[in-house]
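Let's take a walk through this structure together, with an eye on its charged side chains and on how its helices and strands pack.

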Amino acid sequence: MADNYKVPETHPDFRLNKRHFTNAELHLIAYNFIKEGEAFEEKVGSFLLEWIKPSKYVEVKTSGSTGTPKVIRIKKELMINSAIATSRFFDLPEKTTALLCLPATYIAGKMMLVRAMVLGWQLDMVPPSSNPLDQVFKRYDFCAMTPFQLDNSVGRLHLIKKLIVGGGAVSPRLQKMVKEVSTKVYETYGMTETVTHIAAKRLNPSKNKKKSRVFKVLPNINISQDDRNCLVIKAPKLSDEIITTNDVVEILTYKKFKWKGRLDNVINSGGIKLHPEQIEKKLSKIIDQRLFVTGMPDDSLGEKLVLFVENEFSEELLEQLQKEIQELKSLDKYERPKKIYFIEKFEETHTGKIHRENTFKSKIN
């Protein structure tokens with residue numbers, strides 16, 4: 001029966017904005033958030049009510065970065081398993097101080113609340129914004145952010161000891177920015193269907209700084225590939241089904257993999273398959289601005305590779321880029337863009353990721 005599930009009582013060490021709440025008391029604070037709180041607190045209140053009601057499931061909205069956003073149902077038991085796996089993998093015991101700066105509308109924000117209640121964390125909330133650390137004046141053990149938030153928070157990262165970044169790939173430019181910070185910064189790999197992350201990689205290792213890091217999977221996760229070289233995830237504690245992704249990967253060991261890019265982004269140019277994410281990584285060595293590459297219909301090649309750079313048009317910059325791209329040794333000849341477009345401001349998704357399709361359309365139309 002769906003209506004007879006009782007969530008565990010909150011951990012004795014659990015604190016939300018410095019106060020402990022039992023399950024019964026969560027009712028009151030949740031109603032208070034909904035009636036009198038700010039918009040982000042209202043979302044938190046709605047989730048807390050959903051969490052404590054006697055139902056096995058929570059309804060969660062997918063982000064829509066890889067397709068149309070949809071609402072899916074996730075078992076509370078699987079969310080608890082995910083919280084425990086995160087605690088073990090990142091070494092985050094009870095009394096961990098954590099900051100919630102993500103909206104409770106999506107899985108990442110909901111899971112910060114679940115981790116706090118289940119593991120006994122001391123969680124403070126700030127309004128989700130592009131620069132969440134601006135109003136923070138104390139240190140925290142743990143926080144989760146989007147790449148966009150991280151981009152705006154590098155100057156205040158010393159306030160966070162461990163940071164996970166998810167909801168989109170971290171650009172090479174951003175990786176460069178966090179290389180020397182004292183915070184342990186991890187890029188995570190996951191999705192709503194796997195109840196957030198199933199793997200993580202350290203972006204600023206203290207040793208072997210030059211060596212490119214790979215994703216390491218969390219406990220109780222099995223990975224494999226299908227015939228498209230896409231990642232297949234078997235995570236019985238996080239999902240009742242085997243999940244087949246559209247992420248092209250190279251599996252190195254049963255615990256480690258290298259992410260190559262999205263299958264849906266692959267460009268077929270004259271029969272050569274090009275992975276935009278890998279080309280972007282190489283181009284980021286010579287271009288500081290945000291950028292992406294994509295395919296444009298072409299009569300002879302089928303698709304030709306074009307580069308978009310977030311910058312106002314400049315003849316001088318265009319000539320300089322063309323020259324530097326020609327001289328960039330790491331680029332194969334097929335990976336050299338046939339055309340460069342400048343756009344003053346890229347279109348973005350709600351989480352601050354570049355919306356490639358909309359940006360491309362705005363320029364081409």
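## Charged pairs and packing

A network of salt bridges links Arg 290, Glu 310, Lys 345 and Glu 348. Please keep in mind that the model is predicted. Within this network, Glu 348 and Lys 345 form a salt bridge whose closest N and O atoms are 3.1 Å apart. Glu 348 is partly exposed at 28% relative accessibility, while Lys 345 is exposed, with a relative accessible area of 53%.

The count for the model comes to 18 salt bridges. Here are three of them, with the N to O distance for each.

| Salt bridge | N to O distance |
|---|---|
| Glu 348 and Lys 345 | 3.1 Å |
| Lys 323 and Glu 327 | 3.3 Å |
| Asp 247 and Arg 262 | 3.4 Å |

The pair of Asp 247 and Arg 262 joins distant parts of the chain: Asp 247 belongs to strand β13 (residues 243-253) and Arg 262 to strand β14 (residues 256-262), 15 residues apart. Asp 247 is buried, with a relative accessible area of 5%, and Arg 262 is buried as well, at 16%. Lys 323 and Glu 327, by contrast, both sit in helix α8, four residues apart, or about one turn of the helix. Lys 323 is exposed, its relative accessible area being 52%.

Helix α8 also brings us to a sheet. Three strands make up this open sheet, in the order β17-β18-β19 and with mixed pairing. At its edges stand β17 (291-298) and β19 (339-343), each with a single partner strand, so one side of each has no neighbour in the sheet. From one strand to the next, the twist averages 35°. Strand β18 (residues 302-310) pairs with β19 in the parallel sense over five bridges, and Leu 307 stands opposite Ile 340 in β19. Helix α8 (residues 315-327) packs on the sheet and touches β18 and β19, its direction making about 140° with that of β19. Helix α7 (residues 276-283) lies across β17 and β18, running at about 130° to β17.

What about a charged residue without a partner? Glu 50, in helix α2 (residues 39-52), is buried yet has no salt bridge. Its nearest side chain of opposite charge, Lys 110, is 4.6 Å away, and a salt bridge needs a nitrogen within 4 Å of a carboxyl oxygen. Leaving aside residues up to four places away in sequence, Glu 50 touches Tyr 57, Val 58, Glu 59 and Lys 76.

Glu 50 also takes part in helix packing: Phe 47, Glu 50, Trp 51 and Ile 52 in α2 meet Lys 76, Met 79 and Ile 80 in α3. The axes of α2 and helix α3 (residues 76-90) are 11 Å apart and pack at an angle of about 110°, so α2 and α3 are roughly perpendicular to each other.

Technical notes:
Residues are numbered from 1 along each chain as its sequence is written. This is a predicted model: local features need pLDDT of at least 70, side-chain atom pairs count only at pLDDT 80 or more; totals for chains, interfaces and linings use all residues. Side-chain values use heavy atoms; hydrogens and water are left out. Helices (H or I, at least four residues) and strands (E, at least two) are DSSP runs, numbered from the N terminus. Buried means under 20% relative accessible area, exposed over 50%, partly exposed in between (1.4 Å probe, protein chains only). Lys and Arg count as positive and Asp and Glu as negative; His and the chain ends are not counted. Contact means heavy atoms within 4.5 Å. Two strands pair if DSSP finds at least two bridges between them. Axes are lines fitted to C-alpha atoms, for helices over the stretch in contact, and angles run from 0 to 180 degrees between N-to-C directions. Angles under 35 degrees count as roughly parallel, over 145 as roughly antiparallel, 65 to 115 as roughly perpendicular and the rest as oblique.
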